[in-house]
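Student: Please take a close look at the salt bridges in this structure, pair by pair. I would also like to see how they sit within the chain as a whole.

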Amino acid sequence: MAVLPQDVHTALTTLLNGLQAADNVQRSASEASLNTDWFGSRPNVLLLGLAEQVQLAPEPSTRKFAAVLFRRQCSKARKDPETEQSRDMFLTLPEAERHVIRAKLLECLSSETDSTVRSKVGDAVAELARQHTDEGIAWPELLGALFNASQSPDAAMRETAFRIFSTTPGIIEKQHEDVVISAFKTGFGDSETAVRIAAMEAFASFFRSISKKNQAKYYQLVPDILNILPPIKESGDSSLLMKALISLIDVAEVAPKMFKPLFSSLVQFSVSVIQEKDLEDATRQNALELMVTFAECSPGMCRKDPNYTNDMVTQCLSLMTDVGIDDDDAEEWNSSEDLDADESDSNHVAGEQCMDRLANKLGGQAILPPTFNWLPRMMASTSWRDRHASLMAISAISEGCRDLMLGELDKVLDLVLPALRDPHPRVRWAGCNAIGQMSTDFAGTMQEKYHQVVLSNIIPVLESAEPRVQAHAAAALVNFCEEAEKSVLEPYLDQLLSHLLRLLESPKRFVQEQALSTIATVADSAEAAFSKYYGTLMPLLFNVLREEQSKEYRLLRAKAMECATLIALAVGKERMGEDALALVQLLGHIQNTVSDADDPQASYLLHCWGRMCRVMGQDFVPFLAGVIPPLAELASAKADLQLLDDEESAAAMQDEEGWELVPLKGKFLCIKTSTLDDKHTAIELITIYAQVLQEAFEPYVNDIMDKCALPSLAFFFHDPVRVAAAKCVPQLLNAYKKAHGPDSTQLGQLWERAVEKVLEVLDSEPAIETLAEMYQCFYECVEVIGKNSLTSSHMERFIQGAGSVLKDYQERAAARAEEQAEAEDGEEISEETLFAIDDDQTLLSDMNKAFHSVFKNMGAAFLPHWEKLMNFYQLAASHQDPTQRQWAICIYDDVIEFCPGDSWKYNEQIIQPLIAGMADDVAANRQAALYGVGVAAQKGGDVWSDFATASLPMLFQATQRPNAREDDDIFATENACAAIAKILHFLPTKVSNWQEVASAWIDTLPVTNDEEAAPYAYAFLAQLIEQQHPAVTGQAVRVFQYVVQALEAETLQGQTATRVVASVKNLIQATGIDVTQVVAGMTNEQRQIVQAYF
């Protein structure tokens, strides 16, 4: 029975018809009426009327459209008349009206006979359920209605109930587990497959929404869930089986261990699905995805299963042979110029990607044996698809199996290199792919040890008859050359460039484009050695840039710009001569011709201008007026956003390139990522201009700081934009400082605006990794401004923000510790957790540097603010986590170093952590503590002298640890050496056995790694030599060797080196040592050092 009068329904029917009209004018008028006359003026009548249309309209199409429109309108934002806050429209209606509408929708849900209409009504109910759940508003009738529906004799009704549970799992989260388990158990055992699948989807959604502790209560349902799968597979229904597998993937991602008792059976079932060629490819690939999900979320469980690794490798390799069907001779493949064709849904791509993921998660020990059990046989196969799959497998696993494969590169290359001469073009292409991937994954070793065998085999492939093979060989050379030292490349430059120049004559544009990219990379790596080829190449590139090309040649010209500017960077301004100016003028001309939004030249130009600025330095300044305005416009761009409220529109948007979709309260926020990427690039380039041009960039600093850099620090749509802005702000300040001076009013005003924003983002940045960048921005800014750069208010805000960050960090660390304590024996820490730990360590490190910078520039004025976080320092200093101990010790070091007299006030908090730190088994913590003792001796004065001298025994012990000279420990050892030198130099009267300690100190040398410790150590050594101390005159040969080692390592430089060398020359003369005999036992590099200095 209708509540609203008939005239309202007549008007509403007219509106619904108009909104569906084919005529654009009629439809637009109806949309305007909907927004103004209904939504704007009487939203309560609109929603009640739509609910009654769903209930009473005779035509199913009208009921369906009314349900769809109800869902869209009820979730539109509207100001609540009572609170003036924006809410979902339905929740702004009076409760009595909401109650009526809810009741009508539930009645429709139970009485509707048309399945498509009921589906849309279910969506509308789910949307209202979401709104109520999100805001904690009760809807007591809903749960009962849905539980009743889940037990209805009508299968479609049962399915609809579970679909609503799936969309809004929050409505059952607070129910007793016995009730929930019973409902799902009934659903999993339903007589209708569609209901069982809907129950699986609802369970997956519900399970992911509850806490880990509560998840364990539902592990008992696993057998019921898995029993759903075999009958679906036997029926051959790929679509339903894929839905079931996707639900399992959702559950496996959050609780892989719940499947442990039945894991072997699940592996066998998944293998049977992957092997079943009568099923659709997408279904087979989802079975593989399920298995790889277990590898990523529980690698230990997968390794322990006796069949998992072998079965997965076998199935991946099998799928990888499913390539080039109906194109046996690769004629179609070779004639295609679409090199970026989307093959992401192909079996061979799925196999390759899963091999990559398996290798990264399970590692070489698990993956290599089964893989190399197959590869030699596949490489020897007469089927080109087997050979192709074998090579692609090597590409896929090389990153994850890097450590073990490094020692077997000879054998791997013995498999790969012959493929570069294979009769089939796709096998040669795959061979190039493997070489390119290995050049990246084994960077350094491939270039240094295997350059001859690799380059002599791949350069001839550039002569292949097939353009796609030529281009891929050139692409592989990019990977090889960008990781190669110029000394490695130099002997091959003639051969490389003669072949690449011939590719520039190819009739295929994509080959020319790739050749230009490869030449650019060779130039970048060869640097000055490329000068020899400048005269040949640059005129060719100028010709390409001068020609007025049609639209299809834009990318080629963009590549030519890139190549020319990278060559310019390689050879330098002097070699270019007048060409530098000519090239910049050409770039300006091209920029003036770019008008289309999709012209690739625009983005290439941004980077080309940046390179030419680095080449020309101050000579580039006249061109800034043409470069900076469009760059600043990109850098200050706002986010391009759209809010869509239906899945159809969202799906269409997702298919468009350059858009990212984020689910948001039942809607979809669409973000244009290409705009964000351009904004990020523009800010990065502005940073380069400010860095290179410094005071010459001053005219642009104020505008860019206010309109681009500072607002972008809080650009929360894109992390990279905020990171780029954080790097830009200090460079802008520095450019202004260079132009106006460190004490200028102009710099002070700019800094006042900047510091306010930077302090604000230290307190609001949500991403841990980006927050570390914000702390880096802060301390770099403070270093630019220098002494007394912060007011008391600034320091107070800094400490408040730091306190909040530290509190959050401690909560994260405690949660990880709790999770680890609950883990089973032998269970690996997840990759996600390892990344989180790494991000937190970076954050603490950058916070440390920020504290250091404030102490350095503000001294004791910072102490009243700093001490407010004393509880954090004390807790961290004695924490079992070594990262926290290091963080606290480093801050205590700064207190002693920059507030020497005032720091004694905190001696009770500082001394014990330093003593414990000197004996810490973690080398980084020892280093921090040992450095602190040295600082106490050097800067601490009389109050710290007793502590410093009492530490001497522990300092010597630190230099005598079993691994004292190993890579991990050497910095701690050298800091101990420097600390002893500081005590002996700055506190000689406090050391009763000074002569004895000085003699023993010689044994703690050399210092060949720590550039900060070396000057103190060697300055003290020079002092001992000048005093003709027996410790040095008695072992002059060792002293001479220690000095040569430090000179070779370049830790001994500048005035200290001059003083030490002069002292050692006197020592040699005074002691009469035979330098020739000593030098005979040295390396060639050390002999050259002796010749240069002595």
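Tutor: What follows starts with the chain, goes through the salt bridges, and ends with some residues outside them.

The model is predicted. Its protein chain has 60 helices and 5 strands. Along the principal axes, the C-alpha atoms occupy a box of roughly 115 × 75 × 65 Å. Of the 1094 residues in the chain, 53% are buried. The accessible surface is about 47600 Å², and carbon and sulfur atoms account for 48% of that surface. If one takes the contacts between residues at least 6 apart in sequence, 72% of them join residues at least 24 apart.

Now the charges. The chain carries 91 positive and 157 negative side chains. The centres of these two sets lie 2 Å apart. Side chains of opposite charge can pair when their charged atoms come close. Over the whole structure, a search finds 52 salt bridges.

Take R158 and D190 to begin with. Their side chains form a salt bridge with an N to O distance of 2.6 Å. This pair links distant parts of the chain, with the two positions 32 residues apart in sequence numbering. R158 belongs to helix α8, residues 155-167. D190 sits in the loop between α9 (177-188) and α10 (193-209). Both R158 and D190 are buried.

The next pair is E177 and K217, whose side chains meet in a salt bridge at 3.9 Å, N to O. Here too the pair links distant parts of the chain, 40 residues apart. E177 is in helix α9, while K217 is in the loop between α11 (212-215) and α12 (222-226). E177 has a relative accessible area of 24%, so it counts as partly exposed. K217 is likewise partly exposed because its relative accessibility is 35%.

A further pair is R816 and D840, with a salt bridge of 2.9 Å, N to O, between their side chains. The two residues are 24 apart and link distant parts of the chain, from helix α43 (residues 792-822) for R816 to helix α44 (residues 831-858) for D840. Burial is counted under 20% relative accessible area. R816 is at 18% and therefore counts as buried. D840 is buried as well, with a relative accessible area of 2%.

Salt bridges also occur as a network. K551, R554, D596, D598 and D599 are linked in this way.

Some charged side chains gather outside such pairs. On the surface, D326, D329, E331 and E332 form a patch of negative charge. One of them, D329, lies in the loop between α18 (308-320) and α19 (331-335). D329 counts as exposed because its relative accessibility is 52%, and the cut-off for exposed is over 50%.

Three other residues give some context for the helices. T770 is found in helix α42, residues 768-785. T770 has a relative accessible area of 3% and is therefore buried. With residues up to four places away in sequence not counted, T770 touches D719, R722, V723 and E765.

T371 is in helix α21, which covers residues 364-379. Its relative accessible area is 0%, so T371 is buried. Apart from neighbours within four places in sequence, T371 is in contact with V313, M355 and I397. T371 and K64 are 307 residues apart along the chain, and their C-alpha atoms are separated by 54 Å.

G626 is found in helix α36, residues 624-635. G626 is partly exposed, with a relative accessible area of 40%. From G626 to N592 there are 34 residues in sequence and 9.6 Å in space, C-alpha to C-alpha.

To return to the request: R158 and D190 form a salt bridge in which both residues are buried. E177, which pairs with K217, is partly exposed. R816 and D840 join helix α43 to helix α44.

Methods. Residues are numbered from 1 along each chain as its sequence is written. This is a predicted model: local features need pLDDT of at least 70, side-chain atom pairs count only at pLDDT 80 or more; totals for chains, interfaces and linings use all residues. Side-chain values use heavy atoms; hydrogens and water are left out. Helices (H or I, at least four residues) and strands (E, at least two) are DSSP runs, numbered from the N terminus. Buried means under 20% relative accessible area, exposed over 50%, partly exposed in between (1.4 Å probe, protein chains only). Contact means heavy atoms within 4.5 Å. Accessible areas come from the Shrake-Rupley method with a 1.4 Å probe; for residues, only the protein chains shown count as cover. Lys and Arg count as positive and Asp and Glu as negative; His and the chain ends are not counted. The place of a charge is taken as NZ of Lys, CZ of Arg, CG of Asp or CD of Glu. Patches are made of residues with over 30% relative accessible area and no salt bridge: like charges are joined within 9 Å, nonpolar side chains (Val, Leu, Ile, Met, Phe, Trp, Tyr) within 5 Å. A salt bridge is a side-chain nitrogen of Lys or Arg within 4 Å of a carboxyl oxygen of Asp or Glu.
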